Amino acid sequence: MARYNPKEIEPKWRKRWEEAGAFLTGSDRSKPKYYVLEMFPYPSGRIHIGHVRNYAMGDVIARYKRAKGFNVLHPMGWDAFGLPAENAAMQTGDHPETWTRANIKAMREQLKGMGLSIDWGREFATCDLGYYRWQQLLFLEFWKAGLVERRMSYVNWDPVDMTVLANEQVIDGKGWRSGATVERKQLSQWFLKITEKAEDLLAALDDGRLKGWPDNVRLMQRNWIGKSKGLLMKFRFAGEMTAPDGAREVEIYTTRPDTLFGASFLAVAPDHPLAQSYAKDPKVAAFIAECQKSGTSQEAIDKAEKKGLALPLEVEHPFIRGRRLPVYIANFILMGYGTGAIFGCPAHDARDHDFAKKYRLDIIPVVLPPDTDPACYSVAEAPYVGPGTLFNSDFLNGLSVEAGIDAAIARIEAMGAGRASTQYRLRDWGVSRQRYWGCPIPAIHCEKCGVVPVPEKDLPVRLPVVDASAFKTPGNPLDRLPEWRNVPCPECSGPAQRETDTFDTFIDSSWYFARFATDPAAWEKGPVNKADTDYWLPVDQYIGGIEHAILHLLYARFFTRAMKDTGHLSISEPFANLFTQGMVTHATYRDASGKFLLPEEVVLDGDKARRADNGEPVAIGPIEKMSKSKKNVVSPEAIADTYGADAARWFMLSDSPPERDVEWTDSGAAGAWKLVARIWDAVEPAKGAIRSHDLSRPPEGANAELRRATHETIKGVTDDIEGFRFNKAIARIYEFLNALKKHAQRSEGSATDWAQAEALCALTRLIAPFTPHLAEECWETLGGAGLVCAAPWPEADSALLVRQAILLPVQVNGKRRGEISVSPSDDAATVEKAALADPGVIRYLEGVTVRKIVVVPGRIVNIVAN
RNA sequence: GCGGGCGUGGCGGAAUUGGCAGACGCGCCAGACUCAAAAUCUGGUUCCGCGAGGAGUGUCGGUUCGACCCCGACCGCCCGCACCA
């Protein structure tokens, strides 16, 4: 028997597919369309096992849908701008573009080697001028449509390197290269007004437009948008007090006006005008400066110790005559949310509670949890944030939290002190990056005319070529290119300067799916071609990591709306169905000096690890998402080299449910290879068997059993692919192979009998989405016509799925004691009788009285007795 | 800190969504083939117990005829937190 040799067979079929143009996007628009897209990769240099998992899933869907008769679009490209290329430039001296292009070339070859059914004719990289030039046009159109704004915003500032840092580059509050304590610094930056679309982005989560999305992602997005109904109200300063800027009151926002009677202080953000008005006081100035000494990330702000500084100011309580509350500047209040000022109710808010304990403020409980005795109730140790009944609250006493909120708002409105208001947690999208390797923002700064858009006729603003040595100096090389930067103002022709910020790379990935849907013949004419996008969009199946559940998906949803507003698209939701795959994780390894090591550089010995080269001990770190920076990546090439691409694909899809994280282990890859060999060994002796595929003969005996197994497998695998249960589809194929083997043993020899021929043909088509090269080789061997990737999907014959007898387990008091054989048509009384007659059951009924018999048709019988 | 998840044999996981816990695979054990090994094939493999039997799905409690599944509390791990992509 010829041994299956993937090294020869796999390239052969890849060549055949290419010659046949098997995966080029079809132009027959009368067919139902199916657009399957996996999140395009960042070209880090090599594909890792997480990519294989992602793209193998998409490829299963693409190949399956083609077999089901759909016109399939399955493209691939590169998310090619971004920070790592500039880091590489610093380290290796390669220009970001040189590095990126080389990585793309290497990764394209690796992906092609996986046998993915991709239309490579639509490939592009976001750093292609042909792509980003249209992004600049879209930006100018959004600007005209009122979706763009410039405003001040904080960045992480490294005071030693004098440069802006990404959050990722801030480690424990210090700059990653200089080690200096990072400060918050304000810069004027570009924003896209995503908050204008907050209401619709929220509404679509629930109105059925995103019914193909997982619940957890919709929930995360809902919480991120964070719509809250609350109260905007003004607190008047006590007596005749006035702030240095003349203010007599301060406006706060709260979602819990029901707890006003528990208020014990007011707090404002360090950059609130009221705080700033006291900045002449050195103590205030010092405190504000201290608050700026931390990164800009929400996590850093939340985890920092709650700190405040009391202002020489008090406010009047709106409901309690004579009650005065102190006013603080506090580091945990955000200027960007609400009004940048709050009232604190320590009894019912965790942060306020921390703050009150630290500064010895009153903690007044006003919400009583259900079924609680007020005499034994205390919030001294921990706040209570759940539902309950209001007390200690005058006119609100006895109301629920919800009713109390409404009543408090009504009273404040009647007093003329405030009004109900809806706020969003969602902030506008800051898109300025003080970096080189990105899409230039098409704007010009003129001293006379202000900020002026680059005229459309002057597009594109090409990213200038700089010497690779420019990246040795911290900061943005574009700032240091006067010949590029200095231009005449498009309006007054006076001296002006180009914007040197580039776009956030999230913009690049916010419309690439629409570009893929546009025929490359039309790429020169505009960002997208509406006739094409109207046909192909929305993406029918989008697949990517759960780590993108919020930002990327939210930005793409916003961008789609903005492109609809500007006439480029007809839809508002880009992704009809979303599947979020789990991540591939792996332990991290560090040597004695703390440097990360690749798994292949480490030898494991029990629960200890050593360096493969010199045997020095290695510290095993936590299991984390595979990432280049932590070096805990495994290259799929080793598996593909040894066992072939099919085995690598099969292995990545078997065992673990796709939505769950998987920890990579080496054992098991060989198992996938064993399967490839087993299938080949089953098919090869049945050469030409398709010709004996005569179904006119009635099934009986072993043939009937095999035929049922065949059709049950077809149905099961089909349902499992539709439901993204690839691991279960694979388990079914194993079971089917076991049944095939049993059949071959029982039917003594005639290896090409017709039930077996049917089974092998079905098997070949069922494995085609998973192990496409092997399937082609099997198809050819069996005598199938054409390519199996173009063959129709097998249909299960439902007549063969019916069983005449089923085995029903019988429990006594919830424990399995026997089993009876019944017909699916038997009624409950018949089943009961059979259950009570089972010898195993009778044993356990001696000396007890039967109280109740529960019969669940087709499932189980439970006899309750005592 | 806040938001979202996950937790089942030695390992990855299955359980028709409230109905036989451990499908399928890996590993391991035994056997066949072989001079031998590899590969392959056959059988076994949750734990305790010789056995009858008992226990068992992170921990504790609850609902139910029946709970891996639903509810409450806790523990552990993972992801995201707006400049990594």
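**Reading the contacts to RNA strand B**

Visitor: What lies 2.7 Å from a polar side-chain atom of N862?

Guide: A base oxygen of RNA strand B lies at that distance from N862. A polar contact is a pair of N or O atoms within 3.5 Å; within protein, one atom must be able to donate a hydrogen and the other to accept it, and residues adjacent in sequence count only if both atoms are side-chain atoms. The side chain of D302 has an N or O atom 2.9 Å from a base nitrogen of RNA strand B, while a polar side-chain atom of K674 is 3.2 Å from a phosphate oxygen of the strand. This is a predicted model, in which local features need pLDDT of at least 70 and side-chain atom pairs count only at pLDDT 80 or more, whereas totals for chains, interfaces and linings use all residues. Residues are numbered from 1 along each chain as written, chains are lettered from A and ligands numbered from 1 in the order in which they are written, and side-chain values use heavy atoms, without hydrogens and water.

Visitor: How many residues surround RNA strand B?

Guide: A residue is near a strand if one of its heavy atoms lies within 4 Å of it. Here 71 residues surround RNA strand B, and the closest are D79, N167, R435, K728 and R816. Of the strand's atoms within 4 Å of the protein, 63% belong to sugar or phosphate, and the rest to bases.

Visitor: Which helix gives the most to the surface near RNA strand B?

Guide: Helices (H or I, at least four residues) are DSSP runs numbered from the N terminus. Helix α22, residues 726-746, gives the most, with eight residues.

Terms used:
Helix = DSSP H or I, 4+ residues; strand = E, 2+ residues; numbered from the N terminus.
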